[in-house]
Amino acid sequence: GVGGCPPARQPGMAEAEAAGDAGLGPAPAQEDAELSAVIGATVPTGFEQTAADEVQEKLGSASRISRDRGKLYFEVPARSLPQVHRLRSVDNLFVVVQEFKDYQFKENKEDALKDLEDLVKKLSWTDPLKVWELNNSLKKKKTKRKKHNPHSPASREKLGDGGEEGGADQNNTNDQEDCAQKPVAVEPAGGQDTENPQGVMSRNGVEEEEEDNEQSGVKVEVQASSESGPKAGEGQTGEGEVKVLKFRVTCNRAGDKHSFTSNEAARDFGGAVQEHFQWKADMTNFDVEVLLNIHNNEVVVGIALTEESLHRRNITHFGPTTLRSTLAYGMLRLCDPQPTDIIVDPMCGTGAIPIEGAAEWPHCYHIAGDNNPQAVKRAANNICSLLRKNESKDSSTAQGVPLDIIQWDICNLPLRTGSVDIVVTDMPFGKRIGSKKKNWDLYPACLMEMGRICTPGTGRAVLLTQDKKCFAKALSRVGHIWRRAQTVWVNVGGLHAAVYLLRRTWDAAEDRRAFW
C-alpha cells in the first residue's frame with residue numbers, strides 16, 4: 001500500500017497519545033517527516049465496509065468502523081493526505097484530535113458542559129493542527145488551478161436523490177420547492193455543509209429533537225483578545241505577522257441520555273476553544289471547523305479537512321434527484337465489476353452512477369439511458385464536464401471515457417438478450433419522480449427487462465429503492481430469473497432505502513422480441 005504497512009505505524013500512534021496525555025510538548029522536528037494522522041471519514045450509511053475495503057486497498061491502512069453509523073477511522077502518514085482526498089467512498093474527512101470510547105457525562109447539565117469546556121485544555125492539538133495546516137496547503141494548490149469557474153451550475157441547481165443536501169451549502173433559497181418536500185433538515189446556519197448525509201436527525205428512524213446539525217454550529221459571542229495571537233504557531237501569514245484564525249464548532253449529537261443539546265455543547269466547547277487559542281468565532285467565514293461528535297458515550301473531537309462533501313465531485317448539472325457520487329461508488333463496488341464487463345444504468349438520471357463507474361472502472365464499458373430527454377441532456381453535460389476535467393489534468397494523454405448515453409424506454413431496451421454483465425440503477429422512489437402507484441407496474445416490468453438483457457448465471461444487478469414493499473412484491477414475481485444475494489440498508493436524505501444485490505439465475509428470460 002501507499003502508506004506502508006499499518007503495524008509499523010501503530011507504536012508511533014501510541015507514543016503520540018502518551019506524549020499528549022503526559023502534557024509533553026510537540027515532538028522533535030525530525031518527527032514531522034513522519035507525522036501521522038488518525039483520519040475520520042463520514043460515508044453513506046450501510047457502506048462502511050465498502051469504504052474500509054477501499055482504504056485498505058488504496059492506502060494500505062486498516063479501518064475501524066464506528067458504532068456511530070456512517071463513520072470510520074484509519075491511520076495514515078500525513079504525506080498520504082492527497083490519496084486520502086482521492087478516496088471515492090467518503091463524503092467528509094476530519095483529523096481526529098482525540099477519541100473517548102466511554103466518556104462519562106455528568107447527569108447535571110452545568111457539570112456536563114463544564115467538563116466539555118475543561119476538555120479543551122487537556123487535548124493534544126499540536127499534531128492535528130499540523131495535519132490541518134498541511135491539508136490547507138494542499139487545498140491552496142488545488143484552488144489556484146480551479147479558480148476559473150466560481151459560479152458553476154452546481155452552486156445553483158441541486159438536490160439530490162439520495163438526498164444529498166445537493167449544494168444546499170451555497171444557497172438554499174433557490175430550491176425552496178425541492179426542500180419543502182424533503183423530510184430532512186437542510187442546514188440554514190453558516191452556509192456551510194455540515195452534510196451528514198445520513199441525516200443524524202432521522203438516522204435511527206427516531207427523530208431526536210436536536211440532533212439536527214443546523215443548530216450545532218454555534219457562534220460564540222465573546223470578544224477574543226487577538227493580541228496574544230494563536231498558540232500552536234498556526235496561522236502565521238507570509239509576512240511574518242500573526243493572523244488570528246477564525247473558527248466555528250459544529251456538534252453532532254446522537255443519543256437520549258444527554259442533559260444538554262448539541263447547541264449548548266457547541267456553544268460552551270466553542271467558548272473554551274476560543275479562550276485556549278485566542279481564535280475568533282465566525283460561523284460563515286471560518287478557517288478552522290472544530291467538530292464535536294457525541295454518540296451516546298462515544299465522544300470524538302476532530303478538525304474538518306473537507307469544506308464541502310467529496311460526493312459533489314462529478315456532477316455539475318444537478319437534476320431533481322441526483323444520486324450522491326459516494327453512494328454510486330458503493331453500489332458499483334457491490335457488484336464487483338471486472339475488466340471488459342458491460343455495465344448498464346437504464347434509469348440514469350443525471351448520470352451519477354455511470355460517470356462514477358467510468359472514472360473508477362475505465363476497463364469496463366458503461367451504457368446509460370433514461371426515458372426523460374431532460375435527464376439525458378443533463379447526463380450528457382456532466383459527461384462533457386468530466387471530459388474537460390480529464391483534458392485539463394493532462395492534455396497530452398486525454399482520452400475519452402468508455403461511456404455512452406441514450407434516450408430509451410426502460411421496459412423496452414434496445415439491447416440484445418443476455419448481452420449485459422451488470423445493471424446498476426437508482427429506481428424511482430415515487431417521491432420526487434414518478435409515483436408509488438406507477439411503481440407497482442413499473443418495477444416488475446423493469447426487473448423482467450433487466451433479467452432479459454443480463455447474462456444468465458453470471459449477470460448481477462444492484463438496485464436502490466425506497467419503495468421496499470413494492471420491490472419485494474415485484475421480485476417475488478420474477479423469482480425465476482433473479483435471486484436476492486444481499487441487502488444494504490441506507491439512509492437517503494432522511495428516507496430509509498435499501499440497496500439490493502441480485503444475481504441472475506440460469507433460467508432463460510422470456511424474450512419478447514423473438515420476431516426480431
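**Note on two cores, a hairpin and a buried glutamate**

1. In this predicted model, a convenient place to begin is a pair of strands towards the end of the numbering: the bridge partner of Thr-487 is Tyr-500, which belongs to strand S16. The two strands concerned, S15 (residues 482-492) and S16 (residues 495-504), pair in the antiparallel sense, and 10 bridges join them.

2. The hairpin that S15 and S16 form has two residues between its strands, and in this hairpin Gly-493 takes a positive phi near 55°.

3. Turning to the interior, the largest nonpolar core has 53 residues, and those with the most contacts inside it are Ile-39, Phe-74, Leu-116, Trp-125, Phe-269, Trp-279 and Leu-292. Helix H7, which covers residues 262-277, supplies the largest share of this core, namely six residues. Another core, of 29 residues, lies apart from it and includes Ile-410, Cys-470, Phe-471 and Leu-475.

4. Trp-125 deserves a separate look: when its neighbours within four places in sequence are left aside, Trp-125 is in contact with Val-97, Val-120, His-276, Phe-277, Val-290, Val-301 and Ile-303.

5. Helix H7 also contains Glu-264, and a student may reasonably ask whether Glu-264 is buried or exposed. Glu-264 has a relative accessible area of 15%, and because buried means under 20%, Glu-264 counts as buried.

6. As for the surroundings of Glu-264, a polar atom of its side chain lies 2.9 Å from the backbone nitrogen of Thr-261. Not counting residues up to four places away in sequence, Glu-264 touches Lys-109 and Leu-113.

Terms used
Residues numbered from 1 in each chain as written. Predicted model: local features only at pLDDT ≥ 70, side-chain atom pairs only at ≥ 80, totals over all residues. Heavy atoms only, no water. Core = buried A, V, L, I, M, F, W, Y, C linked by side-chain atoms within 4.5 Å. Buried < 20%, exposed > 50% of the residue type's maximum accessible area, 1.4 Å probe, protein only. Helix = DSSP H or I, 4+ residues; strand = E, 2+ residues; numbered from the N terminus. Contact = heavy atoms within 4.5 Å. Pairing = 2+ DSSP bridges. Polar contact = N/O pair within 3.5 Å; in protein donor to acceptor, adjacent residues only side chain to side chain.
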